[in-house]
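I set out to look up how the two chains meet and where empty space is left. My entries follow the structure below.

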Amino acid sequence: MTTASKLKQTLSSLKNARGTLRIYSTQTREEEGQKVFQEALETTGQVIDDLEKRLKEMELQEPQYEGN
Amino acid sequence: MPLWFEILLRSGVLFFLVLVLMRIMGKRNPTRLTPFQFVNYTVIAVITSLTAVNIIENFFFGLTALGVFILLSLLLDYLSLRSKAIHDLVQGKETVLVVQGKVMEENLKDLRLTGEELLRELRRKEVFNLGDVEFAVMESTGDINVMLKSEKTPLTSYDLGRQVSPRREPQTVILDGNVLNDPLAEAGFNSNWLNEQLEKAGVTLDNVFIGQVDGQGELYLDLFDDSIQLPQPRVKEALYGNLERAQAEMESFFQETGDQEAKEIYENNAARLKELMEKLEPYLLR
C-alpha cells in the first residue's frame, strides 16, 4: 500500500472521529464537557486540514498515487 | 344527631385537616426528629384521635388545642431559622463523642450513653474498630455520625490524582412505555431524537419500561422483554480508538517519509492528537 492511500485511511478515521465529536459537543449538557468536546472538534478539524494539504501535495508530486 | 354520625363527621373533617396541616409542617423525616419534636407530633396525633372519637366532647376545644401545638411549633421553626441561639435552645446542639480517636467520656456521661451503646452505633455505621474513628458526633436527633481516619476513608478520584469528567444528573425520559416530555427537554432533546434512538436500538416505545439519558446524551433502556439483548454501544471507546490509531499512523508516516517538510507536519499533528487524547480520556474512557 502506498503512503498516499495509507494517509487517506488515516484521514477517513479522523473524519469519523470528528463526526462523533460533533455529536457529543452538542448533546453534552455539562458545560465543561461541552467545551472539551468543542475544542477537540476544532483540533481534529485542524489536523484534518493539515493532512489533506499534505495529501494534495503528494498527489501533485507523484500523480500515479491518485485514486489508490 | 346520632353519635355514629357525629364521629363520622368529626373523623372525616379531621382526616383532611390533619393531612393539610402535616403538609404545612414540612417534610421532616419522622425517624429523625429531636425528642421534643417527637413529643409534639405525638401530642398532635393524640389530640386528633381523642377529638375524632368524641372523647374530647367539644369539637372546637379539640381544634383549639391542635391549633396551639401546630402554630407554636411552626413559630419555633421560624424563630430557629432566624436566631442561632433559639435554634440551639429548641433543637439542642450536637455533642462531640470522639475527637482525634479519643472517646470523650465526660460527654458520654452527660448523654447517659454507655460505651456499649457507642460501639453499637458505630457498628451501625459499619465501623467495627474504634481505632478507625477520627471524629464522631451525636446530632440533636440522637443519630451518631462518624468521620473515619483519612487512611480508612474510601478512595476518591481526587486521592488517586486522576481527573474524571464532571457529570450532570441523568434524566428519566421514558417510564412504563410513556415519553416524559419535560425531562426530555431538560436533557436537550425532543421526541424526534428519541424515536430515532429507539429505531436505532430496534425497540418499540411500548416495550420500554425505563429510559434514561445521562449527562453526555447517552440513552439507556430497560425493556419489559428481558430476553431481548440490547447492544451496548461503545461509541466513546470507538472514538478514542479512532484517534489513537490516527495518532499512531502519523507517527509511522513521520518515520517513513524522507521529506523534511512532511516530517514536520506529521510530527506536529501527532503531538496535537496526543494532547487531545489526554484531554478527552476522562470523558471517553471513564
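Entry 1, terms and model. Before naming elements I fixed the term: helices (H or I, at least four residues) and strands (E, at least two) are DSSP runs, numbered from the N terminus. I note that the model is predicted.

Entry 2, the largest pocket. I looked up its volume and found about 1000 Å³ of space in the largest pocket. Of the 39 residues that line this pocket, I recorded those closest to its centre: Tyr24(A), Asp214(B), Glu218(B), Leu219(B) and Pro233(B). I then asked which elements each supply at least two residues of the lining. From chain A the answer is α1, and from chain B the answer is α9 (191-201), β7 (208-213), β8 (219-223), α10 (235-256) and α11 (260-284). By class, I entered 17 nonpolar, 11 polar and 11 charged residues for the lining of the largest pocket.

Entry 3, contact between the chains. I looked up the residues in contact and found 31 in chain A against 41 in chain B. Which three residues of chain A supply more of its area buried against chain B than any other three? They are Tyr24(A), Gln27(A) and Arg29(A), which supply 25% of that area. Tyr24(A) had already appeared among the residues closest to the centre of the largest pocket. For both chains I noted about 3000 Å² buried between them, with 59% of it on carbon and sulfur atoms.

Entry 4, polar links across the interface. I found five salt bridges between chain A and chain B. I looked up the pair Arg272(B) and Asp50(A), which forms a salt bridge with its closest N and O atoms 3.8 Å apart. I also recorded 10 residue pairs in polar contact between the chains, with both residues at pLDDT 80 or more.

Entry 5, the side of chain A that touches chain B. I identified α1 (3-27) and α2 (31-61) of chain A as the elements that give two or more residues to this side. Of the elements, α2(A) gives the most, with 16 residues. I divided the residues of this side into 11 nonpolar, 12 polar and eight charged.

Entry 6, a salt bridge within chain B. My search of the whole structure gave 19 salt bridges over all chains. I looked up Arg32(B) and found that it forms a salt bridge with Asp143(B), the closest N and O atoms being 3.5 Å apart. Arg32(B) lies in the loop between α1 (3-25) and α2 of chain B, and Asp143(B) in the loop between β3 (133-138) and β4 (144-148) of chain B, so the pair ties together parts that are 111 residues apart in sequence.

Entry 7, enclosed space. How many cavities of 30 Å³ or more are there? I counted one, and its volume is about 90 Å³. I noted its lining residues, among them Met25(B), Arg28(B), Phe36(B), Tyr41(B), Asp77(B) and Val90(B). The elements that each supply at least two lining residues are α2 (35-52), α3 (59-82) and α4 (84-91) of chain B. α2(B) gives the most to this lining, with four residues. I classed the lining of the cavity as five nonpolar, five polar and two charged residues.

Notes
Residues are numbered from 1 along each chain as its sequence is written. Chains are lettered from A and ligands numbered from 1 in the order in which they are written. This is a predicted model: local features need pLDDT of at least 70, side-chain atom pairs count only at pLDDT 80 or more; totals for chains, interfaces and linings use all residues. Side-chain values use heavy atoms; hydrogens and water are left out. Contact means heavy atoms within 4.5 Å. Buried area is the accessible area (1.4 Å probe) that two parts lose on being put together, summed over both. A salt bridge is a side-chain nitrogen of Lys or Arg within 4 Å of a carboxyl oxygen of Asp or Glu. A polar contact is a pair of N or O atoms within 3.5 Å; within protein, one must be able to donate a hydrogen and the other to accept it, and residues adjacent in sequence count only if both atoms are side-chain atoms. Ala, Val, Leu, Ile, Met, Phe, Trp, Tyr, Cys and Pro count as nonpolar, Asp, Glu, Lys and Arg as charged, and the others, Gly among them, as polar. On a 1 Å grid over the protein atoms alone, a cavity is a set of points where a 1.4 Å probe fits but cannot get out, and a pocket is an open set with protein on both sides within 12 Å along at least five of seven lines; lining residues have an atom within 4 Å of a point. Grid points are joined across faces, edges and corners, and a volume is the space filled by probe spheres set on the points.
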